[in-house]
Amino acid sequence: MSTKKIMLKSSDGKMFEIEEETARQCQTIAHMIEAECTDNVIPVSNVTSEILEMVIEYCNKHHVDAANPCSDEDLKKWDKEFMEKDQYTIFHLMNAAYDLHIKSLLALAYQTVADMVNDNKWAFE
Amino acid sequence: MASSSSPPAAMEVGESTNWTELPPELTSAILHRLGAIEILENAQKVCRSWRRVCKDPSMWRKIDMHNLGDLDDMDYNLEIMCRHAVDRSQGGLVDIGIWYFGTVDLLNYIAHRSSNLRSLRLIRCSQITDDGFVEAVVKLPLEELELSYCSFSVESLRVVGQCCLNMKTLKLNKHPQKENDDDALAIAETMPKLRHLQLCGNGLSDTGLNAILDNCSNLEHLDLRRCFNVNLVGDLQKRCFESVKVVRHPNDSIHDIDIGSSEDEDPYDFSDIDLMSGDDDFEGYYDFSGASDFSDYDQFDF
């Protein structure tokens, strides 16, 4: 079964193909699709290709349906591993999740930073 | 790592991240996931913009002084820290939780400065006397009260019920008790507006439970876990389920009750995240080491 695809264009000009249904996890993109203010290429002007690639990976994993089954437990484990990144990456993932309105990724990033502060695994200024 | 895309070299060497550029609402959302101790000991040292958010009174409407009870191993004085957190709320404090420490003086300090306090949680606070507890609590417009593993008398409970006329939530958790309906009768007599009642380990019997059901007609949640003197069968069970939306049975699992851990006192294994920390680079940066002058916190502000 073919599903509709759209293209996302990162701030440094790189193009990424993603299923429309998956992209709808980003409320900002969902609104653009619904408003039909896109000709299949959506610019994501504040997000670099490196970070956008990770965001898409996250959205693909979290687009759970009959074709992509995943238990809550497995998803939780995957999320934990996914966030094993340095501060630079977490910082930019959080900003991307904020700009694109991906609630679950934003909450995950918040909790990751909070846990790092909690555990004193934080490089202070 | 689950991520298939390897981060660029700049990230691997830890390219500097300017956390000051994070929108304040994001910083605030992160900080709301931390307890008061972690904010004061760690989070406010991340950068100046975080420090600014940490000083905002709205951050201190809810204060959670959760700790593991290993007070002797701490490099800071929780009572001083708690007073400072209360000061930062600038009278806006609505919810506070105190674990393992606390004195009558601290409780009065909170009561005098927090006329909007709606929720008070005292967990394993053995130093607070009945008289001191009552003296402080009668000044407050409490709607929620938790007294878990504390040793306050039934008289104190009754006075609280008589003074706090809008009490909607009461958590009175204990280690399993011998049969005794005093708490239940005091609750039934003085807290008719209760909606949520948690009595884990209480000694109440069918008599006490019936008194609660007779008098607390708004009850929606009733938690009777480890209340082994209640015989929740037949008519009493039927009555419970007809009048209360959610009932937890004496033998239901207690894994979701966070009571702190004290192996010698409690046979159940409750694991906690180790929240204690100490960063040598910041020694003296924020001194809660036991100074007795509570009146002036300017030294803590940046």
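This section describes the chain architecture, nonpolar core, helix packing and selected residues of a predicted two-chain model.

Chain A contains 6 helices and 3 strands, which follow one another along the sequence in the pattern β-β-α-α-β-α-α-α-α. Of the 125 residues in this chain, 47% are buried. Among the contacts of chain A that link residues with a separation of 6 or more, 60% are accounted for by residues 24 or more positions apart. Chain B comprises 11 helices and 8 strands, and 52% of its 302 residues are buried. For chain B, 71% of the contacts between residues at least 6 apart in sequence join residues at least 24 apart.

The largest nonpolar core of the model consists of 122 residues, within which B:Leu122, B:Phe133 and B:Ile187 have the most contacts. Helix H6 of chain A (residues 103–118) supplies the largest share of this core, namely 9 residues. In chain B, both domain 1 (24–59) and domain 2 (60–248) give residues to the core, which therefore lies between them. Clustering of this kind agrees with a general trend: in soluble globular proteins, nonpolar side chains tend to be buried together. The surroundings of B:Ile187 illustrate the contacts of one of these core residues. Beyond residues up to four places away in sequence, B:Ile187 touches B:Leu157, B:Leu170, B:Leu172, B:Leu194, B:Leu197, B:Leu199, B:Ile212 and B:Cys216.

Another of the core residues with the most contacts, B:Phe133, takes part in the packing of helix H7 of chain B (residues 130–137) against helix H6 of chain B (residues 104–113). The axes of these two helices are 9 Å apart and meet at an angle of about 5 degrees. Because angles under 35 degrees count as roughly parallel, H6(B) and H7(B) are classed as roughly parallel to each other. On the H6(B) side the contact is made by B:Val104, B:Leu107, B:Asn108 and B:Ala111, and on the H7(B) side by B:Gly132, B:Phe133, B:Glu135 and B:Ala136. A regular helix offers a background to such spacings: an α-helix has 3.6 residues a turn, so residues three or four places apart point the same way.

The buried residues of H7(B) are B:Gly132, B:Phe133, B:Val134, B:Ala136 and B:Val137. Besides H6, these residues pack against strand E3 (119–123), strand E4 (144–148) and helix H8 (154–163) of chain B. B:Asp130 also lies in helix H7 of chain B, but with a relative accessibility of 25% this residue counts as partly exposed. Apart from residues up to four places away in sequence, B:Asp130 touches B:Ser151, B:Phe152, B:Ser153 and B:Ser156. The C-alpha atoms of B:Asp130 and B:Val154, which are 24 residues apart in sequence, lie 9.6 Å apart in space.

Two tyrosines of chain B have backbone angles that call for separate mention. Most residues other than glycine have a negative phi. In B:Tyr100, however, phi is positive, near 70 degrees. This tyrosine occupies the loop between strand E2 (95–99) and H6 of chain B, and at a relative accessible area of 14% B:Tyr100 is buried. B:Tyr149 likewise has a positive phi, near 55 degrees. The position of B:Tyr149 is in the loop between E4 and H8 of chain B, where the residue is buried with a relative accessible area of 12%.

A further buried loop residue is B:Met59, whose relative accessible area is 6%. B:Met59 is placed between helix H4 (48–55) and strand E1 (62–65) of chain B. Aside from neighbours within four places in sequence, the contacts of B:Met59 are with B:Ser28, B:Leu31, B:His32, B:Ile39 and B:Val53. Of these partners, B:His32 is 27 residues away from B:Met59 along the chain, with 7.4 Å between their C-alpha atoms.

The count of disulfides over all chains is 0. B:Cys54 is in no disulfide, and the nearest cysteine sulfur, belonging to B:Cys47, is 8.9 Å away. At 0% relative accessibility, B:Cys54 is buried. B:Cys200 is also in no disulfide; in this case the nearest cysteine sulfur is that of B:Cys227, at 6.6 Å. The relative accessible area of B:Cys200 is 0%, and this residue too is buried. Both distances exceed the 2.5 Å within which a pair of cysteine sulfur atoms counts as a disulfide.

Methods
Residues are numbered from 1 along each chain as its sequence is written. Chains are lettered from A and ligands numbered from 1 in the order in which they are written. This is a predicted model: local features need pLDDT of at least 70, side-chain atom pairs count only at pLDDT 80 or more; totals for chains, interfaces and linings use all residues. Side-chain values use heavy atoms; hydrogens and water are left out. A nonpolar core is a set of buried Ala, Val, Leu, Ile, Met, Phe, Trp, Tyr and Cys residues joined through side-chain atoms within 4.5 Å. Buried means under 20% relative accessible area, exposed over 50%, partly exposed in between (1.4 Å probe, protein chains only). Helices (H or I, at least four residues) and strands (E, at least two) are DSSP runs, numbered from the N terminus. Domain bounds come from an automatic or database domain assignment. Contact means heavy atoms within 4.5 Å. Axes are lines fitted to C-alpha atoms, for helices over the stretch in contact, and angles run from 0 to 180 degrees between N-to-C directions. Angles under 35 degrees count as roughly parallel, over 145 as roughly antiparallel, 65 to 115 as roughly perpendicular and the rest as oblique.
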